[in-house]
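Please read the following note with the sequence and the 3D view side by side. The points are numbered so that each can be checked in turn.

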Amino acid sequence: MIEIAPSLLSADFSRLAEEIGSIEKLGINMLHLDVMDGHFVPNITFGPGLIKDLRGSSKMVFDVHLMIENPEKYVRDFVRAGADIVTVHAEATLHLHRLLSQIKEEGVKAAVALNPATPLTAIEWVLPQLDMVLLMSVNPGFGGQQFIPAVLPKIKALKQMLLEKGLKIPIQVDGGINRHTAGTVVAAGADILVAGSAVFGEADRGQAIQALLNATATIGE
C-alpha cells in the first residue's frame with residue numbers, strides 16, 4: 001500500500017501543532033521533517049527543540065530527514081527529541097556504515113537519502129543496514145520545486161537492485177510530488193511519497209491526500 005508522508009516544511013509554522021493535527025486525524029501515519037543547516041543545503045529550518053515540542057502532540061511516525069553536515073554529531077539529539085526514523089545523506093558523511101550503525105544503536109530506524117546526481121552505488125554495500133531509502137527527485141534545500149524526471153529510471157534501478165538482493169526495503173521519494181507526478185513515481189517503484197505543498201498548500205487536506213492516492217490507485221492493476 002502506498003503511503004503519503006506530508007512534509008512539515010510546507011506547513012504554516014505559526015500554528016504547527018494544529019497543522020500536524022489536521023493530517024493526523026485524516027489517518028496519516030508518517031510526518032516528514034526536513035532539518036536543514038544552511039551548509040549542506042542553502043536553507044535553514046529547525047532543530048531538535050522543535051521536534052521535541054511537537055512530539056508530545058502527535059503519535060505519527062516522525063521521519064527526520066537530516067540535510068546537514070556532520071550528521072553523526074547530532075543523531076542522539078534528534079533521537080532524544082523524538083525521531084522514529086533518522087535519514088542521513090550519503091553525501092554528508094565519510095563513514096556511512098559507521099553512521100548507520102550509530103543510528104541503529106540509538107534504537108531507531110536508519111535510512112539513507114541520495115541527491116538526484118548521486119549514483120545508487122553509494123549505498124549498494126550498506127543496503128542490509130537500511131530500513132528505508134530516500135531518493136530525492138529535486139535538489140534538496142527548498143520546498144515547491146519541480147520534479148526531475150531523470151530520477152524515474154533511478155527509482156526503477158533501485159527497485160530491481162532490492163529484488164535481486166531479496167531485500168524488502170521501502171523506497172521513499174521526495175521532491176515535486178503532486179497528483180500529476182505521483183502515479184509515475186509509484187509505477188517506477190516508490191512506496192512512500194513525501195508531499196509538501198501538495199498537502200499543506202491545499203485548503204482541503206483530505207481532498208489533497210485522496211487526490212495523491214487516486215493518482216496511484218490503478219498502478220499494477
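1. A good place to begin is Met 36, which stands opposite Met 67 in β3. Strands β2 and β3 run parallel and are joined by seven bridges; two strands are said to pair if DSSP finds at least two bridges between them. Helices (H or I, at least four residues) and strands (E, at least two) are DSSP runs, numbered from the N terminus.

2. Before going further, please note that this is a predicted model, in which local features need pLDDT of at least 70 and side-chain atom pairs count only at pLDDT 80 or more, while totals for chains, interfaces and linings use all residues. Residues are numbered from 1 along each chain as its sequence is written, and side-chain values use heavy atoms, with hydrogens and water left out.

3. How well is β2 covered? Seven of its seven residues are buried, where buried means under 20% relative accessible area, exposed over 50%, and partly exposed in between (1.4 Å probe, protein chains only). One side of β2 carries Met 30, His 32, Asp 34 and Met 36, the other carries Leu 31, Leu 33 and Val 35, and the residues of both faces are all buried.

4. The wider setting is an open sheet of eight strands with parallel pairing, in the order β1-β8-β7-β6-β5-β4-β3-β2. Its edge strands are β1 (3-6) and β2 (30-36), each of which pairs on one side only. Direction ignored, neighbouring strands of this sheet are turned by 25° against each other on average. As background, strands of a sheet pair through backbone hydrogen bonds, either parallel or antiparallel.

5. At the other edge, β1 pairs in the parallel sense with β8 (residues 192-195) over four bridges, and Ile 4 stands opposite Leu 193 in β8. Helix α2 (residues 48-55) packs on the sheet, where it touches β2 and β3 (61-67), and its direction makes about 175° with that of β3. Such angles run from 0 to 180 degrees between N-to-C directions, with axes being lines fitted to C-alpha atoms, for helices over the stretch in contact.

6. Asp 191 is found in the loop between α6 (182-188) and β8. Although Asp 191 and Glu 3 are 188 residues apart in sequence, they are 6.4 Å apart in space, C-alpha to C-alpha. Not counting residues up to four places away in sequence, Asp 191 touches several residues, including Met 1, Ile 2 and Glu 3, contact meaning heavy atoms within 4.5 Å. The side chains of Asp 191 and Lys 159 are joined by a polar contact of 3.5 Å; such a contact is a pair of N or O atoms within 3.5 Å, and within protein one must be able to donate a hydrogen and the other to accept it, while residues adjacent in sequence count only if both atoms are side-chain atoms.

7. Thr 181 lies in the loop between β7 (171-174) and α6. Is Thr 181 buried or exposed? Thr 181 counts as buried because its relative accessibility is 13%. A polar atom of its side chain lies 2.9 Å from the backbone oxygen of Gly 176.

8. Finally, the chain as a whole has eight helices and eight strands, and buried residues make up 52% of its 221 residues. Among contacts between residues at least 6 apart in sequence, 65% join residues at least 24 apart. Along its principal axes, the C-alpha trace spans about 45 × 45 × 30 Å.
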